[in-house]
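Please open the model in your viewer and keep the selection panel at hand. The stops below move from a pocket to the core and then to single residues.

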Amino acid sequence: MSGNQTGRIPFIDLLKVILTVGIVFRHAELVGLEGRSAAFDVLTRGMMLLTEVCVPLFFVLSGFLYFHNVPKAPGVDFFWKKTRNRIFSLLIPYLIANAVAFACYWAAHRFAPDMMSGFFGDDWRNPLFIFWTGPINMSLWFIRDLIIACLVAPLIWIWVRYARIWGVLALGAVWIFVGGSPWYNIWFTLGAWAAVCQGDRVSRLLRRIDCRVPAHAAAWCFFVYLYHYIPVISLKKIFGSLLDPAGTGALIGTYLLTAGLTLGIVTGAFVLLKKWFPRLAGVLVGGKL
């Protein structure tokens, strides 16, 4: 999810759009409905299986983009510049999105407590929740872990530079058979390996894929990822209270409507912010506009 318009690869932007839509559909899954029809359960299990790849692929893309065009012997200045850029492109948007979520949850618990019941309890009140067990905006655990991956990027560069693909496989083996290694390290490191060890080849391959994507596609993806969660859980809560769980057609229609409305609401907010408050929009998406 990180990156800017410099050296933009349209096919990567297209992948981000597809993966972002997949994440929204994953979070739109209607949970907590007792007696759901068997046919709908089969459909949702298939959708969960299909979208399981979205976050790992986001980590791969993030690792590749972080190390894209990395020098053969990057110095302290290279990693300091990357870290400084990530403060503006990841950390600040992450903190703002969590602050917005905190305000929404506070308002919901005060004025419409039934809307949030069953989702968060009182954990969102704990200041450490944003950094440790949370974050407050639950879907942003990916951004939090991506920030951590960027902080240890110098170690990842050393690992893939000298251990190469065997280092990536070793991380996978540790995670599978031993445990204790954050699973995202495997995918971010795989993207780092692709950039560090196969960068020119991979870049040429990706640039040869002809596709046309709007210039602000990456900014839209990031905004949707940051702000889709509250609308999607709110819509699920509203529609879930009105549904007959035995009606397969109604369940499918509601599932599609939830995802579609969420994308429409967040996209509308993005377009209006970009038009009326472009500087604010630029800050919210980490300078990707």
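For the first stop, a pocket is taken as an open set of grid points with protein on both sides within 12 Å along at least five of seven lines, and its volume is the space filled by probe spheres set on the points. The model is predicted, and under that definition its second largest pocket has a volume of about 390 Å³. Begin by selecting Val 70, Ala 195, Val 196, Gly 199 and Asp 200, which are the closest to the pocket centre among the 18 residues that line it. Then colour α7 (153-178) and α8 (184-208), the elements that give two or more residues to this lining; α8 gives the most, with 9 residues. If you colour the lining of the second largest pocket by class, you should find 7 nonpolar, 5 polar and 6 charged residues.

Before moving on, display the whole chain as a cartoon and colour it by confidence. The protein has 12 helices and 0 strands, and buried residues make up 48% of its 289 residues. Among the contacts with a separation of 6 or more, 77% are between residues 24 or more positions apart. The mean pLDDT is 85, with 84% of the residues reaching 70 or more, while by element the confidence is lowest in α5, at a mean of 62, and highest in α9, at 96. Residues 2-6 deserve caution when you read the display: the pLDDT over this stretch is below 50, and beyond near neighbours in sequence the stretch has 9 contacts in the model.

Next, turn to the interior. In soluble globular proteins, nonpolar side chains tend to be buried together. Here the largest nonpolar core has 74 residues, and those with the most contacts inside it are Phe 64, Phe 67, Phe 142, Ile 143, Phe 188, Phe 223 and Tyr 225. Helix α9 (residues 217-227) gives the most to this core, with 10 residues.

Now select α6 (141-151). Because 8 of its 11 residues are buried, α6 is largely enclosed by the rest of the structure; the buried ones are Phe 142, Ile 143, Arg 144, Asp 145, Leu 146, Ile 147, Ala 149 and Cys 150. Keep Ile 143 highlighted and show what surrounds it: apart from neighbours within four places in sequence, Ile 143 is in contact with Leu 90, Tyr 94, Phe 222, Tyr 225 and Leu 226.

Which residues does Ser 139 contact once its neighbours within four places in sequence are set aside? Select Ser 139 in the loop between α5 (113-116) and α6, and you will find His 27, Tyr 225, His 228 and Tyr 229 in contact with it. Ser 139 has a relative accessibility of 3% and therefore counts as buried, the limit being under 20%.

His 228 and Tyr 225 appear again at the next stop, Ile 23, which touches both of them as well as Cys 54, Val 55 and Phe 58, not counting residues up to four places away in sequence. Ile 23 lies in helix α1 (residues 10-27) and, at 2% relative accessibility, counts as buried. A distance label between the C-alpha atoms of Ile 23 and His 228 should read 9.4 Å, although 205 residues separate them in sequence.

For another pair, go to Thr 248 in helix α11 (residues 248-276) and label its C-alpha distance to Leu 43, which is 9.9 Å across 205 residues of chain. Thr 248 is partly exposed, at 26% relative accessibility, and its contacts beyond four places in sequence are Ser 37, Ala 39 and Phe 40.

Finish with the backbone angles. Most residues other than glycine have a negative phi. Where in the structure is Asn 69, a residue with a positive phi of about 65°? Asn 69 sits in the loop between α3 (54-67) and α4 (76-111), and at 61% relative accessibility it counts as exposed. The phi of Arg 164 is likewise positive, near 55°, but this residue is found in helix α7 and counts as partly exposed at 39% relative accessibility. While α7 is in view, select Ala 170, also in that helix: Ala 170 is partly exposed, with a relative accessible area of 31%, and its C-alpha atom is 9.0 Å from that of Ile 186, 16 residues away along the chain.

Definitions and conventions: Residues are numbered from 1 along each chain as its sequence is written. This is a predicted model: local features need pLDDT of at least 70, side-chain atom pairs count only at pLDDT 80 or more; totals for chains, interfaces and linings use all residues. Side-chain values use heavy atoms; hydrogens and water are left out. On a 1 Å grid over the protein atoms alone, a cavity is a set of points where a 1.4 Å probe fits but cannot get out, and a pocket is an open set with protein on both sides within 12 Å along at least five of seven lines; lining residues have an atom within 4 Å of a point. Helices (H or I, at least four residues) and strands (E, at least two) are DSSP runs, numbered from the N terminus. Ala, Val, Leu, Ile, Met, Phe, Trp, Tyr, Cys and Pro count as nonpolar, Asp, Glu, Lys and Arg as charged, and the others, Gly among them, as polar. A nonpolar core is a set of buried Ala, Val, Leu, Ile, Met, Phe, Trp, Tyr and Cys residues joined through side-chain atoms within 4.5 Å. Buried means under 20% relative accessible area, exposed over 50%, partly exposed in between (1.4 Å probe, protein chains only). Contact means heavy atoms within 4.5 Å. pLDDT is the predictor's confidence in each residue, from 0 to 100.
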